[in-house]
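Grab a pencil and work through these exercises with the model open beside you. Try each task before you read its solution.

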Amino acid sequence: MNHRKQTLPDPDATPQGTLTTPELVLVTTLRLWVTAACGPAERNMGIHWYEGLATAGVSEKGSMAFHELMEAIVLATYEPLDFRPMHCHLLGRDERRVLRIIGLLQHNRKNAAASALSDWIPPTACRRAGTHALLLAGELLLAGLTLPLCGEETLLGVDRPDRHSGATAVRASTLIH
């Protein structure tokens with residue numbers, strides 16, 4: 001008897017063909033990182049995840065921020081993550097989350113990014129992940145890789161850009177700098 005849980009199609013599935021070049025760079029890097037972290041070296045086709053970022057002009061500081069962000073997410077989540085294999089043409093739920101958070105940070109929407117992060121991972125991990133996400137967002141901008149805003153953030157007035165530098169309170173115990 002087969003007890004596998006039947007999964008329904010994701011109504012929010014995003015085809016890779018609709019992504020911008022900066023989004024594709026980030027998704028490809030994410031998938032290579034996951035492949036390298038979860039399997040034997042021969043599965044990643046001899047490509048190292050950080051080479052793509054370097055080729056796109058992202059600094060080593062940005063690559064390290066990406067790595068630390070991914071580690072924080074993987075170590076903090078309670079449920080299985082939805083990252084897809086390289087050949088999959090649809091984005092996984094958690095791939096969309098990463099794109100959304102980095103895009104929000106690049107557009108100075110720290111409150112919405114912090115909220116999205118705290119809805120995903122426990123508060124104890126938000127500070128670490130948020131710090132690395134903010135650093136990655138900045139390094140991607142410096143390399144000319146600007147992610148678009150997507151979803152409800154594109155509507156007027158949903159989340160105003162933060163008007164001050166410094167920490168932004170998200171929840172009682174969660175801060176993003």
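**Exercise 1.** Which residue's side chain does E71 meet in a salt bridge?

Before we start: this is a predicted model, where local features need pLDDT of at least 70, side-chain atom pairs count only at pLDDT 80 or more, and totals for chains, interfaces and linings use all residues. Residues are numbered from 1 along each chain as its sequence is written, and side-chain values use heavy atoms, with hydrogens and water left out.

Step 1. Get the rule: a salt bridge is a side-chain nitrogen of Lys or Arg within 4 Å of a carboxyl oxygen of Asp or Glu.
Step 2. Apply it: the side chain of E71 pairs with that of R128, at 3.7 Å from N to O.
Step 3. Place the partners: E71 sits in helix 3 and R128 in helix 6, so the pair ties together parts 57 residues apart in sequence. (Helices are DSSP runs of H or I, at least four residues, numbered from the N terminus.)
Step 4. Check the surroundings. Buried means under 20% relative accessible area, exposed over 50%, and partly exposed in between, using a 1.4 Å probe and protein chains only. E71 is partly exposed because its relative accessibility is 28%, and R128 is too, at 35%.

**Exercise 2.** Are R31 and E95 buried or exposed?

Step 1. Find the pair: R31 and E95 form a salt bridge, 2.7 Å from N to O.
Step 2. Locate them: R31 belongs to helix 1 and E95 to helix 4, 64 residues apart, so to speak of distant parts of the chain is fair.
Step 3. Read the accessibility: both R31 and E95 are buried.

**Exercise 3.** Which residues have the most contacts inside the largest nonpolar core?

Step 1. Define it: a nonpolar core is a set of buried Ala, Val, Leu, Ile, Met, Phe, Trp, Tyr and Cys residues joined through side-chain atoms within 4.5 Å.
Step 2. List them: this core has 41 residues, and L26, F66, I101, I102, I121, L136 and L140 have the most contacts inside it.
Step 3. Trace the sources: helices 1, 2, 3, 4, 5 and 6 each supply at least two residues of this core.
Step 4. Zoom in on F66. Leaving out residues up to four places away in sequence, F66 touches (heavy atoms within 4.5 Å) L26, T29, L30, W33, W49, L53 and L136.

**Exercise 4.** How many disulfides does the structure hold?

Step 1. Look for cysteine sulfur pairs within 2.5 Å, the rule for a disulfide.
Step 2. Count: there are zero.
Step 3. Inspect two cysteines: C88 is buried at 17% relative accessibility, and C126 is buried at 1%.
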